[in-house]
Every structure is written in C-alpha cells, then in structure tokens.
Amino acid sequence: MLELTDAHHHRVHYESFEKYPGTFVSFEIKDHWIDIFADNNSILRIYILTNQIIRFRYAVNSFFPPDFSYAIDPSFTPEYPTFRFLEKKDFLIIKTTKIKIVIHKKHLLVNVYDLKNNLLSADEKGFHWENDLKNGGEVVKMSKYTFQDESFFGLGDKTSLQNIKGKRFTMWGTDQFGYKADTDPLYKNINLTYSTRKNKTFAIFFDNTFRTYYDLGYERNNIYSFWSEGGEMNYYFLYGEDLLNVSAQYALLTGKAEMPPMWALGYQQCKWSYYPEQKVKEITSKLREVKIPCDSIYLDIDYMEGFRCFTWDKEKFPNPKKMISELKENGFKTVAIIDPGIKIDSDYQIFKEGIENEYFCKRTDGPYAQGRVWPGECYFPDFTNPEVREWWAGLFQDLIENIGLAGIWNDMNEPAIFDVPSKTLPMDVRHDYDGHPCSHRKAHNIYGMQMTRATAEGVKRFGGNKRPLLITRSGSAGMQRFTSVWTGDNLASWEHLFIAHMQTLRLSISGVSFCGSDVGGFIDQPDGELFVRWMQLAIFHPFFRNHSSGDHGDQEPWSFGDEYLALVRKAIETRYALLPYMYTCFYDHCITGKPILRPLAFSNIENESNIINNNQEAFLGDHLIFSPVFKKGTLSKSVFLPKGFWYDYMDNKLYSGNAIYEIDAKLDKIPVFARAGSVIPNFHVMQYVGEKKINEVILKIFVGKGKTRSQFYHDDLDGNQYKEGQYRHTIFETERKANCFFIQQSFNLDYEPSYIKYLIQIIGVPNRNLTIEIDGQLIPKYASIEKNIIEISAQRDFKMIGIQF
C-alpha cells in the first residue's frame, strides 16, 4: 500500500489510482437540478442557477454530502430559469438562453458552448478521483483542455503576472513573512480562474476549502487542471459576454461589498508600533503640521497588556478613551489590531470565558489545540462555530462602544503559529463548521474569513449608525462581504512595488476590490524615491495605508527629507481630490460587482496581445488609467493607451488610443489618463474627510467624441442612511456633435446633498470663442484658466450645458 505524500499530491498523474465516472445509465430532472447517473454509482448533478451560472457537482458513491458553503452569499437567489434538455445517442444536451452544455455518456465528460456553437470549455479527463487511504474521502480532480490562444486570470493574491497561463499554484493560507515574487502559497484562498480567448470569456469557481492546486498548462501545455486533497468536486461555470460581465456573475454568487465610510478611503498611517500615547499624538500632530492629509491612525499589538487581545497596557495608554476622543477631534479615526491567539492565562477573562464554554479548538482526542504566537502559548477560538462567533462579536463592545475605536484589523488569522514547520494548527484539530464537523484540513482556508466575519458583526453591532472599517490578512472566497484586505508582510524593494500592483489587480478581479499593500514595504526601509513611487501607486488603491516594521527605521512621510515630503504630499492630495471618484467607483462595485481596479483585459476592449499581457497599465473604475513607475531613476515611461481618446490627467494633453507613447514620468509626475468624454468628480483638498462642509464639487470634464456616460455618487459619507435611499446618484452624459459639446445631468430626487454648486472645468475646448448655455441661459462670462481649459460655475441641479466652439 502506497501512502500519499505531499509530493504525490503535487503531481497531476495518478494513473494507477485514478477512478472515473462510468458510463451513463439514466438521468432524472428535478425542480432545480438534473441528476445524471453512471454505472459505477457516480453522479453528476447540474444546477441551472441562472442563464449564466451553472453549478457542476459530482458524487462518487451514489450520494451527496450535506450541501453547505461559506463562499456562496446567503442572499444569492437562484433564478432557476427554464432550459431545454435533449438526449442523443452519445450525449445529453442542456440549453439556456446563453450557453449550451454537452455531457458525453462515456465518463460524463462535459463541454460548454456559446449559442453560436463556439466551444468555450472542454473536459480532458474531466472529473476523476483517488481514494485517500490515509485521511479518508477522496482526492478530487478535474482536467480540461486549454487552447493555444487562451489566457487565464484570477486566483486572489498570487504574485505572478496577470496572465497566469503556464503557471502552477497552491491554495493554502500561509504566513509568508518577506515573501518573494515566486513565493507560493500566500495568505488568501480564492479558487477563481477566468478564461478568455477571441472574446470568448468565462470563469470557473471551485468551491472547495481543502488544500487545492492549480496547473494552468504548466505540466502539459494544453491542459488546465485543479484538484483538492478532500471534499467534493463542486464548481460553478460563470459565463459572460466579456470579463467584466463574468466578474459580475462571480459577485452575484459570492456577494458584494458594502459601502465603506469615505474616511476609510483616505490615507492611513500605521507602524509596528506607535506607543506610548505620547508617540501616537506626536505622529498625528506632525501629520497635521506638515499638511499631509490623513484620516486614521493604527495601534499595533503593543497597545495591549502582554499582547492579550481586548486589553490595554495602562502604562503606555493610561486613558485610551480620552486619547481616542482627542484624536477624533483632530480628525483621526483610530483602528486597532486583534489577533486570534488567546493567551493561556487563568487570570485573563477572555481565556476563562473560552475555557468555561469550550470555545477553543480541540485536537481529535480532546485536548485543546495549542500554539505559540505573540502573547506566548495560546488557544484559538473555533470561528466556524456560530456560538463562538456570537461570543467573539460581543467582546468588541468595550473597544467600539465605550472606548471609541472606528475599525478593527485582524492579523495572524491563517491562523499563523510560530516555531512549527506547518506554520499553522495541526491537521487533526476539529472544527464545528456550522454543524458540519470536520478537521483543520477542511477548515484551515476559511478560518481567517470566519474570524473577520465575527469581528465585523461585533464592530457593526456596537458602532451605532457608523460604517466600520475591517481589515484582514487571511481570507477566502466571499470575504468581500465582511472586510478589506492588505497584501501582507512585503519588502521595501522595487520588485515588491511591482508585486503590489499585480496583487491588488488580481485581488480586485477575484472579488476583493477593497485592497491595498503596505505602502513603502513592511520589511526594510525604502529610500525617498521608492517611497514616493509607492505612494504614487497606492493613491489608486482603495485601501491606502503606510505600514512598516519599526525595527527597520522610520517610514513616515517626512522621514526622507523636505524634497520627498513635498512629492508625497502632492500624491496624497491627488488622492483626496479624487475621493468622490473613488467613492463613486466603490458604489458601482457594490451595486454591479464590477472590480474597482482592473487589468486592461477587463476593459471591454478587443483581446489584443498588448491588452491581454499588459502588466503596466490598469483601470481605476471606468474612466481612469494609471501606469505606475517601477524602476529607479525613471524619467519617462512607455505607456500603452487602449482604443479611444485619452487626456493626460496631470497636464491635459490629448492622445489617440491603441498606441504606445513615451510619457514624462519624472519623480513629480504620475502617469494617469482620463477617458475623453468622461466626467471626473473632485473635492477641494481637505486634511481629512469631514474637515469642512462640502459646499462645492469640482467636475473635470474632458471633451470627447460621440457619447460617454459617467457617474457621481454622494451620500452622508458615513452611516447607514444610504441603505434607505438617502443618497444622490447622478448620471452625466456628454456628447460631441460637430462644433458643439453637450453635458446632460440626471439624478434621483429623494436626497438633498450638502453641496449646492459645481465648479466645472472643461478640458479640451478647441478655442476661446465660445458660446455657453446652462439650461438655455447664456453664460456671458467664463474663466480661461489655461490653454484649452475653461472654468464655469453651475448650480447643482442643472439639466443641460451646451458649448458651441
């Protein structure tokens, strides 16, 4: 008998052990699914959830286990549309209004076509499995053919280039301090892969939480395979007309984020660690003194008493409630870290409650699972137990309701453990898994998400009518419903600057748009140039936090001298000016599920090679493209602009798309471009969100050709009134007709925003001999602020602006 080892599991071929579905014998159509039976007791169950979302679920011994998933959004309501079913001699056919599924009667191999009969996906071996003689259950595997011109995207926080064809990956949440470009696995586990070729697009979400592997043409260049060390072969086929539409199907299935408070999109200052209280106030006062806009300050583990969660070190922070109140008066929200490890200490109330109620994870034979982390020897709550999550949520009352924290940062929640080769809990640890008991083999990858889920519940419960900020290091598919993320313990290097770009784009298309990196690098210290370039990248990331390890030197904006401080200030002020655009992108993400950050391949543009394999340029929302600088000493950069017309957002120069340009990229220049015809809302720069009442919104309008649609979302910037319709959603439509340019505005009427007027900057007017009308009234005066740019003022509720050149 051969015992399977990790090395065996990391291979594709198990020829002597592999089993396959047999030959078709019958089918049965139920209300919501179709069961297809083979002659060896295997079953293929196909759910037609929508016309674009199809679920494939396999059983190997004539029955299915209970159907349960942490990834699928509980609010997801399948449409269960009508479909056509046909039986032919050698295969079965299922047709929806979008796709056709063909199931071959031998081995139940599956092919998927669009309605033009273009092949989208074809099984090679299809589903196959091996019995796991060591652990029980099966190693479940799937292999499909790839096409020569097919490209793949996705898989969460992997450090690879965007197109992951030809790569191999492992999905197993792992604490990777100082990871490199080829480090794998990492912290997060999102089993989502996109496929695109010749405008044929789909994704496969493999809903399995065991250790999982992907081979995207690495071992055999024409085969794409994925497999897990246990559980079911249970995957969702997501079809869409383009990659952006496919991403919306994934969001529909696994859930969408909630609107964050606008302050959470501001600049955030963090370090391991700011203490004592005097140091925290010194840092925040300095930020205000040097005019660096900033909305939040973080407390790392040193605020605690001996690293015990939910405690305060009274010597370092004698009156945290008073401190946090004073910080709030100065415009700072305070965010604190909470880890999962609970110190073994009979005098520690949290520990005593966990023991009395048996809330901690146990080994198979009964003793508690123990591991060493920051507090020393610890036990770990079983966050897969609803009773434990409820207890954990309740622990936040004092921190949130009484002391006044505005957000919580969950770290070390893979869970990470020191001084053991596995870096985590033993595999025999038992978990409740919401009434579906299992080992850590199954629960490991969702542990971090369930911790953050419980944390989010507590912060919301005790936060009053305020939206919280939650941050997690580890997580899995569906975590976007609860939290934002950062990319973990990175390095202060130019390589890691580029990795941050790759990871945030990949996380965003994997459902987690609220993401960012530790600006400047957590480990080691950047020089001034690298720090500025990282800031210039991070201003486009929804989660924007400067975080570093204190034992590697200072990394505050003023740490590199006045020259670099001025450049950092300029970058952060650009972010604060763009906050209404970022906030609008977030609204669109919450409603449609479309990612906020997007590789060019997700831009609804033809799949040309300079789009598919582009790792430099990226979209922020629909209308801005940014192209970060990744090399030291750069003075200019080759930038590819896709089809259309684009304005340099910084100097307003107009470019024709589908071309490469050499763009000025000196250290004081950020290569960012606005789509011609777009309307980009801006704020006057503030030192923090809420510093001043917003009376006026700046609209940057870029003259284009044809029609262009833009959005502007505005609400109270915090609180939950928006869920009851208390917001304004504005649609701007611009159109160029011969020598005229029109700007039309429409909006909902059931909310009165704070701003009363627009300051409108129109960029790209061909001359200064203009006739301008607002709602039919001639505007006799306007300001020419520079060549080809005019500025006018308009009341908030205007309907139409017309400009004749």
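This report describes the overall build of the protein chain and then several of its local features.

The structure is a predicted model, in which local features need pLDDT of at least 70 and side-chain atom pairs count only at pLDDT 80 or more, whereas totals for chains, interfaces and linings use all residues. Residues are numbered from 1 along each chain as its sequence is written, and side-chain values use heavy atoms, with hydrogens and water left out.

**Overall build**

The protein chain holds 13 helices and 51 strands, where helices (H or I, at least four residues) and strands (E, at least two) are DSSP runs numbered from the N terminus. Its radius of gyration is 27 Å, close to the 28 Å that the globule rule gives for 805 residues, so the chain is as compact as a globular protein of that length; the radius is taken over C-alpha atoms, and the rule is 2.2 Å times the number of residues to the power 0.38. Along the principal axes, the C-alpha trace spans about 85 × 70 × 50 Å. Buried residues make up 64% of the 805 residues, buried meaning under 20% relative accessible area, exposed over 50% and partly exposed in between, with a 1.4 Å probe and protein chains only.

**Cores and helix 6**

The largest nonpolar core has 205 residues, and those with the most contacts inside it are Ile338, Trp392, Phe396, Leu399, Ile760 and Ile762; such a core is a set of buried Ala, Val, Leu, Ile, Met, Phe, Trp, Tyr and Cys residues joined through side-chain atoms within 4.5 Å. Helix 8 supplies the largest share of this core, nine residues. Another core, of 41 residues, lies apart from it and includes Leu92, Ile94, Ile103 and Leu120.

In helix 6 (residues 386-394), the buried residues are Val388, Arg389, Trp391, Trp392 and Ala393. Their cover includes strand 21 (333-338), strand 22 (342-343), helix 5 (349-356) and helix 8 (440-462). Ile338 touches Trp392, among others, when residues up to four places away in sequence are not counted, contact meaning heavy atoms within 4.5 Å.

**Strand pairing**

Strand 42 (residues 696-702) is largely enclosed by the rest of the structure, because seven of its seven residues are buried. Glu696, Ile698, Lys700 and Phe702 point one way from this strand, while Val697, Leu699 and Ile701 point the other way. The table lists pairings of strands, two strands being paired if DSSP finds at least two bridges between them.

| Pair | Sense | Bridges | Opposite residues |
|---|---|---|---|
| Strand 41 and strand 42 | antiparallel | four bridges | Asn682 and Ile698 |
| Strand 42 and strand 46 | parallel | seven bridges | Val697 and Tyr758 |
| Strand 22 and strand 24 | antiparallel | two bridges | Lys343 and Cys378 |

Strand 22 also belongs to an open sheet of three strands in the order 22-24-23, with antiparallel pairing. Strand 22 and strand 23 (370-373) stand at its edges, each with a single partner strand, so one side of each is left without a neighbour in the sheet.

**Asp123**

Asp123 is placed in strand 9 (residues 119-131) and is buried, with a relative accessible area of 5%. A polar contact of 2.5 Å joins the side chains of Asp123 and Lys144; a polar contact is a pair of N or O atoms within 3.5 Å, and within protein one must be able to donate a hydrogen and the other to accept it, while residues adjacent in sequence count only if both atoms are side-chain atoms. A polar atom of the Asp123 side chain also lies 2.8 Å from the backbone nitrogen of Val110.
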